[in-house]
Amino acid sequence: MIYFDNSATTKISPSALETYQKVSEQFFGNPSSLHQLGEHSSRLLHQSRLQIAQLLGVTDEEIYFTSGGTEGDNWAIKGTALEKKPYGNHIITSSVEHPAVRESMEQLEQFGWEVTYLPVNEKGEVSADDVKKAVRPETVLVSIMAVNNEVGSIQPIEEIGEVLREYPSVHFHVDAVQAVGKVPLKLGKDSRIDMAVFSGHKFHAPRGTGFMYIKRGRRLAPLITGGGQESSQRSGTENVPAIAAMAKSFRMTMEPIQTNANKMMEIRSYLMNSLKEKKKVTVFSPEKGAPHIVCFGIKDIRGEVVVHALEDKGIYVSTTSACSSRSQVEASSLIAMNVPKQVAQTAVRVSLSPDNTLEEAEEFMTVFNNVYEQFTYIN
Amino acid sequence: MQYTEIMVRYGELSTKGKNKKYFIKKLSTNIRQALKDFPEVQVVGNRDRLHIKLNGEDGEAIIERLRPMFGIQTFSPVVKVEKSLEAACEAAVELVKKQYKEGMSFKINTRRADHEFEFDTNEINQKMGSAVALAIPSIRIQMKQPDIVVRVEVRQRGIYLSTETIQGAGGLPVGTGGKGMLMLSGGIDSPVAGYLAQKRGLEIEAVHFHSPPYTSPQALQKAKDLAGKLAVYSGTIQFIEVPFTEIQEEIKKHVPQGYGMTINRRMMLRLTDEIRKQREGLAIVNGESIGQVASQTLESMAAINAVTNTPMIRPVVSMDKTEIIEIAEKIDTFELSVQPYEDCCTIFAPPKPKTRPQVSKAEQYEEHLDVEGLIQRALDGIKVTAIHAGETSESKEQELFASLL
């Protein structure tokens, strides 16, 4: 089996699973309980938070545990909206965001908020200039993803941050879900980013885990209220085993980040070059994109068909975002990149993890060649 | 470059006449104890120096262990190289580079025990000096009070070099002054008192009173962790846990509020004294400081102290709180001490304890209590654990966390 669908989700790492199991057995106390079992859990939770913070170069009070990327994005956007309602009603985002962002925006529009959806160029990139032009006095939030989940475009986050330095009261939210372990993202005192959202299952941690970085001093209304966990910002009994397992996978992802990125980049270049040689293949991913995503299509063959043809040979890929592929929404990032609908429908996404090898990529190409020959024959 | 040996200079020890041999022996034992987990290390105590042969063990880690050990004035890590001038020069350059900061001066100070060696003392000084000066062009050579002195000894078996003189903790080796029982509550003062007693050579055993369920397991753990911090100075510490619940309940029930605290302390002292007798200690050490709280007025101290003739050592008795805190921070007990767990001194604490209690009244109220029976039952329930240097619940937990995360 070749698993090339790591942007949809990753397989949990054996060491994270081991941590999950051990912590479930040994640290079952509720971190809020007064007794020693509770305190034990509470200290492990603290240590997990500290480890994640240190790997990101931020402080532990700036890390909040969530259930994943969707919750993080919802919180950043709606939390800002609730918090900043008295100061303005305008939000800026891009037209290639993940549905967790896009749908949140659309929901706010129903409540009277105004949202500017910035266009992207043919590489799927937003321009910092466009952000500058779109800012108004009543703008309270700019939300731009770090790495696009469908084609792997890398957004100019630092440049946008520079633009926003002139507007210090505007919240700058970055959906970093696809960037983790692949594309470096500078957070902390010297960065303009106010909120960054992370999802555990994209880096071999258990499902249902995630965390959000909220810069010290930035205020965000909580969406989930209750027992006052996470400094009253996100209530609900903490999922200590999953959080500890996430802290472990995060360390294993972040420590060798450069080697991992180089390794994936090598595989990606090989795939991109091999695919480009095929006359009827269009590669949608930009040359300078994230090291783990290759998005392409075979002329006149719907992506879905290619996915199933490859699956037949034990190779797992996606039609762009797994979140939208079942509901047959055409690849919206591609549409935003001005790819005609007809062509966008052919999109297939290969997404890598550091576990993948060049040999797998070669095997993939052998299989792909057969599939390709077959399709060109009937065409 | 690896250190091969650490040379230890005794301080005050040299003035102790006939006892010197005993002091050196004790210090050697303490060092061996502290370096137990470096099995290759050899400790040889001579009249004027003590040599720790590393035999490949981690010099830097051992230096850290030696820093807090009482009875050491200064010590120097030593590098041994083969008997050739080239090797000596190379080592000297590396040693100086390690310490050098812009503007510093140095000199080479050679002793030649092996007179067969091809160069004499002056030649060695010159050749090694120029090697260092060439390698670090901005360094100055200075004979009088240079910043860095490279000591070179040419012996039969090789050439020994050292540059650093590291300040030791001073004091007397722990254990040379006999044994005392430390009343360790968990507050700021008692660990400091224990540390100061250790500094003067006392071996201490920690006596801790706890009253479950009024006091929490965390409070007990905190006291153990504090003992672990003090064990750094002696290798291990015996931690003696005394059950105190029944006594406190009886006092609460039978003694008028104003005298509760006084009688509480009298019972604690009686118990500590009994434990001292059993364990052959000579004195009791506590963290009392005049006038700090109600139990520490002179009248209170007198009324409490009346239960025993055993020497009471109160190392912090005349210190200000700020001075005590300063030491607590230095010995890394402050953070632990201020954790907010109730100890047995604060539970049932009367709102208005007597600050001028009378011995006669205390004795009169004690008649309502079965003092002997209470003492005996508490003694029957004591638990003794050996706590090793640096062994805190925190360090064990950190290890577990590191394996999980």
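A residue counts as buried here if 20 or more other C-beta atoms lie within 10 Å of its own.

**Figure 1. Chain A of the predicted model, element by element.** By that criterion, buried residues account for 48% of the 379 residues in chain A. Take a moment to pick out the secondary structure: chain A holds 13 helices and 12 strands. Of the contacts in chain A between residues at least 6 apart in sequence, 73% join residues at least 24 apart.

**Figure 2. Confidence along chain A.** The mean pLDDT of chain A is 92, and 97% of the residues score at least 70. Which elements of chain A have the lowest and the highest mean pLDDT? Helix α10 (residues 322-325) of chain A sits at the bottom with 56, while strand β2 (residues 63-66) of chain A reaches the top with 98.

**Figure 3. Where chain A touches chain B.** Chain A brings 13 residues to this contact, and chain B brings 5 residues. On the chain A side, the elements giving two or more residues are α1 (14-26), α2 (36-56) and α7 (240-254). Look to α2(A) for the most, as this helix supplies 6 residues. By type, the chain A side of the contact comprises 4 nonpolar, 5 polar and 4 charged residues.

**Figure 4. Helices α8 and α12 of chain B, packed together.** Here we zoom in on helix α8 (residues 257-278) of chain B and helix α12 (residues 359-366) of chain B, whose axes are 10 Å apart and make an angle of about 80 degrees. Angles of 65 to 115 degrees count as roughly perpendicular, and α8(B) and α12(B) are therefore roughly perpendicular to each other. From α8(B), the contact uses B:Y259, B:T262, B:I263 and B:R266, and from α12(B) it uses B:K361, B:A362, B:Y365 and B:E366. How do the residues of this contact between α8(B) and α12(B) divide into nonpolar, polar and charged? There are 4 nonpolar, 1 polar and 3 charged.

**Figure 5. The surroundings of B:T4.** B:T4 is found in the segment before β1 (5-10) of chain B. Is B:T4 buried or partly exposed? B:T4 has 18 other C-beta atoms within 10 Å, so this residue is partly exposed. Setting aside neighbours within four places in sequence, the contacts of B:T4 are B:L54, B:V78, B:V79 and B:K80. It is also worth finding B:I52 in this view: B:T4 and B:I52 are 48 residues apart in sequence, and their C-alpha atoms are 8.7 Å apart in space.

Terms used
Residues numbered from 1 in each chain as written. Chains lettered and ligands numbered in written order. Predicted model: local features only at pLDDT ≥ 70, side-chain atom pairs only at ≥ 80, totals over all residues. Axes fitted to C-alpha atoms, helices over the stretch in contact; angles between N-to-C directions. Helix = DSSP H or I, 4+ residues; strand = E, 2+ residues; numbered from the N terminus. Parallel < 35°, antiparallel > 145°, perpendicular 65-115°, else oblique. Contact = placed C-beta atoms within 7 Å. Nonpolar A, V, L, I, M, F, W, Y, C, P; charged D, E, K, R; others polar. Buried ≥ 20, exposed ≤ 12 C-beta atoms within 10 Å, placed from the backbone. pLDDT = per-residue confidence, 0-100.
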